[in-house]
Amino acid sequence: MYCPEAQLLWHEKSIQMSQQGYVAAPPYSQAQPGIGGYQGGFGSGPAQPHYGHYGGGAPSTFQAPLTGMKSPVLPPPVSTPSSPNSQQNGAPPQRYPVAYGQPLQSTAYNSMASSAPPPAMQLTNQMSTMNIGNYVPGPAFQNPPSATSLQQPFRAPPPPQMTMGSQSPNMQSSNMQSPMQPPNMQPPNMQLPHMQPPNMQPPNMQPPNMQPPNMQPPQMATAPNMSMGSPSMGRPFPGAPPPHPGSSAGLQQPGPVGPPGYPQQAGPFGGHMAGPHPGPGGFPAGPPQKKLDLDSIPSAIQVMEDDQAKHGGQVFSTNIRGQIPPLVTTNFTVQDQGNASPRFMRCTTYSLPCTSDLAKQCQVPLACIVKPFASLPKNETPLYLVNHGESGPIRCNRCKAYMCPYMQFIDGGRRYQCGFCNCSNEVPVFYFQHLDHMGRRVDLYERPELSLGSYEMVATLDYCKNNKPPNPPAYIFMIDVSYNNVKSGLVRLICNELKTLLDKLPREQGVDNSPVKVGFVTYNKTLHFYNVKSSLTQPQMMVVSDMAEMYVPLPDGFLVNFQESRALICNLLTQIPDMFADTNESETVFAPVIQAGVEAFKEADCSGKLFIFHSSMPTAEAPGKLKNRDDKKLVNTEKEKTLFQPLKGIYEQLSKDCVAQGCCVDLFLFPNQYVDVATMADVPSHTGGSVFKYNNFQVETDGEHFLRDVRKEVQKSIGFDAIMRVRTSTGFRATDFFGAIHMKNTTDVEMAAVDCEKAVTVEFKHDDALNEETGAFIQCALLYTTISGQRRLRILNLSLNCSSHLSELYKSCETDSLVNFFAKSSYRAILNQPLKNIREILVNQTAHMLACYRKNCASASVASQLILPDAMKVFPVYMNNLMKTSPLTGSTELSTDDRAHQRLSVMAMGVEDTQLLLYPRLIPLHNMDVANEAPPTPLRCTEERLADNGVFLLENGHVMFLWLGQASPPDVIQGLFNVPSLAHLQGNMCVLPELDNPLSKKVRCIIRDLLEKRPKSMKLQIVRQKDKPEMMFRQFLVEDKGLHGGTSYMDFLCYVHREIKQVLT
Ligand SMILES: [Zn+2]
């Protein structure tokens, strides 16, 4: 393929921020010798002031309520001098005068919003066959009881005043600290159950000086346009063109947009190209005629490093509407000031196009990735719990949105206007509060639901099944004791592990025992239930052999408290491996096992999780019996999709039963051959469960790897019997959902369980024009049962900007989130479309999105230049890597089960996980400074970065390789393996020996840290350069040509460039 004008440029917002070293980073600038300099970045306007409010402008202060009697539970944003802008979280701008610093991002451009155009039809639509019905706004959950007036109206303390004066830092400090009162000062209606006093001052923020050096975003201090905002607050997007030449060039762009729409891409992906050997994508995979330097094309690693350098270790305050968070790979601390933490919600763009026409024109998917149980680092405040007692949560009468910072109080505090549907609601008497002269409730900072983006609420009985409080959930361990599992030693391994692992069942913080009950089942062709009631002296076994009518023979003794039955359970776990030691039974059932679990939860009237440890395809005569339907001849045909489609029938029904009961299924598979993962994993992937797969399991080499997974899975934080509803302000709505979920209707996302790794990707579409002034709001409400059996609501709110200028959208894009969306939507499309079509769509949409940017936001540039939006400059590498993943690669060399497994795993992933999967970390180990605590910086995933005399670690969250160059220095090999040379290494090694030298310690420490950090365990595979297994490693060098087809990043970029030029002509 030919890439004649190999001039790659992309917009550098950092042009204006050279002190960040962004521009200065030479790899990029090398690429354009002789080119007329940078394009004045339209997309490269002023930096989003992530921390902007704290860097510039006169400090403002928060005055604590004067009364000491009613100390606010919720301190105002203590650590930030500009606390008043916690109101910038997106509440309707008219609430606060400009002086108080609401963002006004969009005022620079007056809305050109046209009236509602037809709904956007992005190409992604073609991927989805899911028909979303009409949106019916209505209650996701039952209405709460009407508010009672029994409660005393809240007595207003003096309003927290926001003054913008120039008080000394010391005064701020003392004011700030006053809210940090002992817990007994909390008003009675707010519990802080499992949390320490709010840690409003992360370690790196020192109270006495409210602006410690590390909180001052350097770019704020110098970005010239920042000083053009209101005197006290940096305004992200000032009303006047910033003085910087780069930006002003951008602002010279003609009005809203160019001609509407683009001609559709001609023909199939690459069809017009006469390449000799089309890759799977259909375009030639050969090297470009003019070889580009790797350093001249955008590097994902560099982007991560730059973001870490810019935001690493800093505090991200969520007080600005439409604020783009740091990358998922950056270490930062979140302070909730009115919008949900990006750990909970991340968007593909933080500036929505005002109209569906614009959305259609740019084809940038509008989506939010919601991870409701995301783990928070220790220095971030856990969610507050609000309890309104019997009155229950306060909700809008019309749209049922929950009370949140986007509700605007009016009429002296007697009414509030819903930020989502604009309905004017009466404030319940018990909830009444006076407004201050700014129109804010004086208890603003005492109520999490008025001032925070994320919080929890105690749900009343109306939110419980049958109006009864739920029982705590239970975990049932179901062990396949057929021949394979017994012989491999797996059964003994599991039983031994459970003896200690059950002490670590999840529990509420500060409580000794876990309320989670446990039960045990073994099975092959029949099921064996065990009675381990504490009153017994010996465990009792009951066998059920009627697979057609599954029932639980001993409802009252089956699920027990581990502490109470510890002796019996340990006894049982010791006996099980021996009981089946001589088994010859190789056939298993599967669907009846899940059915038994559901029945057990029904009997016990609880939700819970099944841990199923299963070896082979269920071929025994029973419901859900499967047969081998793997057929490599289908690969690359129209029928390939059938390999990924689960068999309908009983498994479909089981999913529904499980979800209805709140029964989550985790499946640990130990196959030696094809087991039909597409079908077997169907129930787990609709119930919020996970599927783990250990091919050709051997205790010696895979035992630890498997146990790491089980331990994480048993201990992780999780909610049960969950239902999520996503509400939006007017003009757009959630239309599609991707995740380990079940959709009973078009709006309610049901999850039997949702744990800290599971994310739901929500796509949005316009149904009217959006308003630049008011922005756009999203509220996710997750109703679930806690581990101790409390029914709760977790509310996550996020406010976005809206703009009638596409440049704003491109500037506010989040590549990692975009890629998460494309991964999920394309993986779902696999069920319905030939892979070739899907890859074509991905390529076309990539080209189209970038061409639209080129056309509308960088039209002044030379036509031959490839110009990428700064926020999307590595978007192509991720898209190319996505197309090279095994589910989207039509190769007969790949295992159908492995492809199906990866497809399903990705559907539930959050942004971090898809990012890592699609761009692995390649870490050089041979030349690192072992004294340095930090691990070495990763390199680009390409052969060019390997060295014959090097040792590299590569991981992507699923696999981990240690690659040893054939000329590895003997001292390195000696240090790591205690052998003189590579030739002495044993094959099939999967663990490093524990040697007492700095190199060994350091490398093992890096590996251990990675294993701890990643959601799933990875098996370490040690490969020597030029050995056969090295091929497995090479397929993860994602910038290179794919092993099973697919082009290199360089070729892909050239191809996209060519497509863009075509689109533009
Ligand atoms: Zn409403």
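The following legends describe close-up views of a predicted model.

**View 1. Coordination of the zinc ion by four cysteine residues.** The SG atoms of Cys396, Cys399, Cys418 and Cys421 coordinate the zinc ion at 2.2 to 2.3 Å. The site is tetrahedral, with angles of 100 to 116 degrees among the 4 donor atoms. For reference, the ideal angle for four tetrahedral donors is 109.5 degrees. Along the chain, the donors follow the spacing C-x2-C-x18-C-x2-C. The pair Cys396 and Cys421 links distant parts of the chain, 25 residues apart. Cys396 lies in the loop between β10 (385-386) and β11 (408-410), and Cys421 in the loop between β12 (415-417) and β13 (424-426). Both Cys396 and Cys421 are buried.

**View 2. Surroundings of Ser812, in the loop between α18 (806-811) and α19 (815-829).** Ser812 has a relative accessible area of 2% and is therefore buried. Residues up to four places away in sequence aside, Ser812 touches Ile324, Thr348, Thr349, Tyr350 and Ser351. A distance of 9.5 Å separates the C-alpha atoms of Ser812 and Met872, which are 60 residues apart along the chain.

**View 3. The largest nonpolar core, comprising 164 residues.** The members that touch the most other members are Met345, Leu527, Phe529, Ile594, Ile612, Met724 and Tyr810. Helix α20 (residues 835-857) supplies the largest share of this core, with 11 residues. Another core, of 44 residues, lies apart from the largest one and has Leu498, Val560, Leu573 and Val714 among its members.

**View 4. Contacts of Met345.** Not counting residues up to four places away in sequence, the residues touched by Met345 include Ala340, Tyr350, Cys368, Ile369 and Val370. Met345 also touches Ile778, Cys780, Leu796, Asn797 and Leu798.

How values were computed
Residues are numbered from 1 along each chain as its sequence is written. This is a predicted model: local features need pLDDT of at least 70, side-chain atom pairs count only at pLDDT 80 or more; totals for chains, interfaces and linings use all residues. Side-chain values use heavy atoms; hydrogens and water are left out. Donors are N, O and S atoms within 2.8 Å of the metal (3.2 Å for Na, K and Ca); water is not among the atoms, so sites may look incomplete. Four donors count as tetrahedral if all angles lie between 85 and 135 degrees; four count as square planar and six as octahedral if opposite donors are over 155 degrees apart and all others between 65 and 115; anything else is irregular. Helices (H or I, at least four residues) and strands (E, at least two) are DSSP runs, numbered from the N terminus. Buried means under 20% relative accessible area, exposed over 50%, partly exposed in between (1.4 Å probe, protein chains only). Contact means heavy atoms within 4.5 Å. A nonpolar core is a set of buried Ala, Val, Leu, Ile, Met, Phe, Trp, Tyr and Cys residues joined through side-chain atoms within 4.5 Å.
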